[in-house]
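The exercises that follow ask for a reading of one structure, step by step, with a worked solution after each task. Please try each task before turning to its solution.

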Amino acid sequence: SSNLRKTYTERAAVHPNPCARTFLELMERKRSNLSVAVDVTSKTELLEIAGKVGPYICLLKTHIDIVNDFDQDLVDQLKALSKKHDFMIFEDRKFADIGNTVKLQYGFGIYRIASWADITNCHSVPGEGIISGLKEIGLPLNRGLLLLAEMSSAGSLATGAYTAATVAMARRHQDFVIGFIAMRRMDAEDEGGDFIVMTPGVSLDVAGDGLGQQYRTPREVVVESGGDVVIVGRGIYGKGKNVEEQAKRYRDAGWEAYLERVRR
Ligand code: 5IU
């Protein structure tokens, strides 16, 4: 598809969405298309890993609701790290309710996600109202939304007509939807849009986790399937791993794959 061989810079230059533009520019400036998924349950551990991977990532992916000792200071410190190391923050919230409810979940409650997360995501299963609801909160803050067009887990129901309808929904909301969680490039951009594809289920060492997760390598994701961002979790901070070493390793693998893809 048309954006496949374009550099992140070339795409940023013509992208109509400010959040997408900022993110594409950041990737090129930092020479990283690596997002680290930090699924840990303590504030100290989350901040420690974020500090270690910070220099290597374009995007920190959080599940803020699994942190036992969440407080506003955690958010303040994550924001400070994102400034210090130049990365954006993606709360992988996977909203899935009606527009009015997700609006409240996004903007209010303990987490006030919209106040600190540059990017969040949602399921398309409720229909288009979910995007409209989130947009009311997120757009004035220059936030971006990803739709879950596909998932990495075995037996995912997000396939075929569901995936196609999700892409069509995104095309109608390009002021707020900046891309997809998907396992491959989505066809939408052949019609003139530019959606950033972020792909979880990435490992250089293992094929699965025994709970349905399915892994592919950065090269398979970026070169063979056209993904823009590789999302790596336990491959970087799992038991016995040197976090900085692994972050560098995955950053290099992701960036090499990107260079191979856009090479002309
Ligand atoms: N994640 C997936 N697959 C998906 C979606 C999200 O793995 O389809 I949507 C999340 C879950 C976890 C991270 O936070 O991405 C992957 O972590 P591991 O690399 O540790 O499997």
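**Exercise 1. Locate T199 and decide whether T199 is buried, partly exposed or exposed.**

Solution. The starting point is the secondary structure of this predicted model, in which T199 belongs to strand 7. The next step is the neighbour count: 27 other C-beta atoms lie within 10 Å of that of T199, and since a residue with 20 or more such neighbours is classed as buried, T199 is buried. The contacts of T199, leaving aside residues up to four places away in sequence, are A182, M183, V221, G227, V229, V230 and I231. A last step concerns E150, which is 49 residues from T199 in sequence, while the C-alpha atoms of the two are 9.2 Å apart in space.

**Exercise 2. Describe the shell around the ligand, and say which elements give two or more residues to it.**

Solution. The shell consists of 18 residues, of which A37, M151, P200, G233 and R234 are the closest to the ligand. Two or more residues come from each of strand 8 (229–232) and helix 9 (234–237). Sorted by class, the shell holds seven nonpolar, seven polar and four charged residues.

The record can then be placed beside this computed shell. The unreviewed UniProt entry lists D39, K61, S152, Q213, G233 and R234 under "binding site". Two of these listed residues are followed up in the next exercise.

**Exercise 3. For Q213 and R234, state where each is placed and why each counts as partly exposed.**

Solution. Q213 sits in the loop that runs between strand 7 (196–199) and helix 8 (218–224), whereas R234 is part of helix 9. Partly exposed residues have a count between the limits of 12 or fewer for exposed and 20 or more for buried. Q213 has 18 other C-beta atoms within 10 Å and is therefore partly exposed, and R234, with 17 other C-beta atoms within 10 Å, is partly exposed as well. Q213 also touches S152, S153, G201 and G208, when residues up to four places away in sequence are not counted.

**Exercise 4. Determine how helix 3 and helix 4 are oriented to each other, and which residues meet where they pack.**

Solution. Helix 3 covers residues 43–53 and helix 4 covers residues 72–85; their axes are 10 Å apart and make an angle of about 5 degrees. Because angles under 35 degrees count as roughly parallel, the two helices are described as roughly parallel to each other. On the side of helix 3 the residues involved are K43, L47, A50 and G51, and they meet L74, Q77, L78 and L81 of helix 4. By class, this contact has five nonpolar, two polar and one charged residues.

**Exercise 5. Examine the backbone angle phi at K94 and at R112, and give the exposure of each residue.**

Solution. Most residues other than glycine have a negative phi. K94, although not a glycine, has a positive phi of about 50 degrees, and R112, also not a glycine, has a positive phi of about 40 degrees. K94 is found in strand 3 (residues 88–95), while R112 is found in the loop between helix 5 (99–107) and strand 4 (119–122). K94 has 14 C-beta neighbours inside 10 Å and so counts as partly exposed; R112 has 14 other C-beta atoms within 10 Å and is likewise partly exposed.

**Exercise 6. Find the residues that the record marks as "active site", and describe the surroundings of K94 and D97.**

Solution. The feature "active site" is placed by UniProt, in an unreviewed entry, at D92, K94 and D97. Leaving out residues up to four places away in sequence, K94 touches N121, C122, H123 and L148. D97 is found in the loop between strand 3 and helix 5, and its 17 other C-beta atoms within 10 Å make D97 partly exposed. With residues up to four places away in sequence again left out, D97 touches V102, Q105 and P126.

**Exercise 7. Is E191 buried or exposed, and how far is E191 from P126?**

Solution. E191 lies in the loop between strand 6 (177–181) and strand 7. With 11 other C-beta atoms within 10 Å, E191 is exposed, because the limit for that class is 12 or fewer. E191 and P126 are 65 residues apart along the chain, and their C-alpha atoms are separated by 25 Å.

Definitions and conventions: Residues numbered from 1 in each chain as written. Predicted model: local features only at pLDDT ≥ 70, side-chain atom pairs only at ≥ 80, totals over all residues. Near = placed C-beta within 6 Å. Helix = DSSP H or I, 4+ residues; strand = E, 2+ residues; numbered from the N terminus. Nonpolar A, V, L, I, M, F, W, Y, C, P; charged D, E, K, R; others polar. UniProt positions renumbered as here; feature names shortened; annotations may be inferred. Contact = placed C-beta atoms within 7 Å. Axes fitted to C-alpha atoms, helices over the stretch in contact; angles between N-to-C directions. Parallel < 35°, antiparallel > 145°, perpendicular 65-115°, else oblique.
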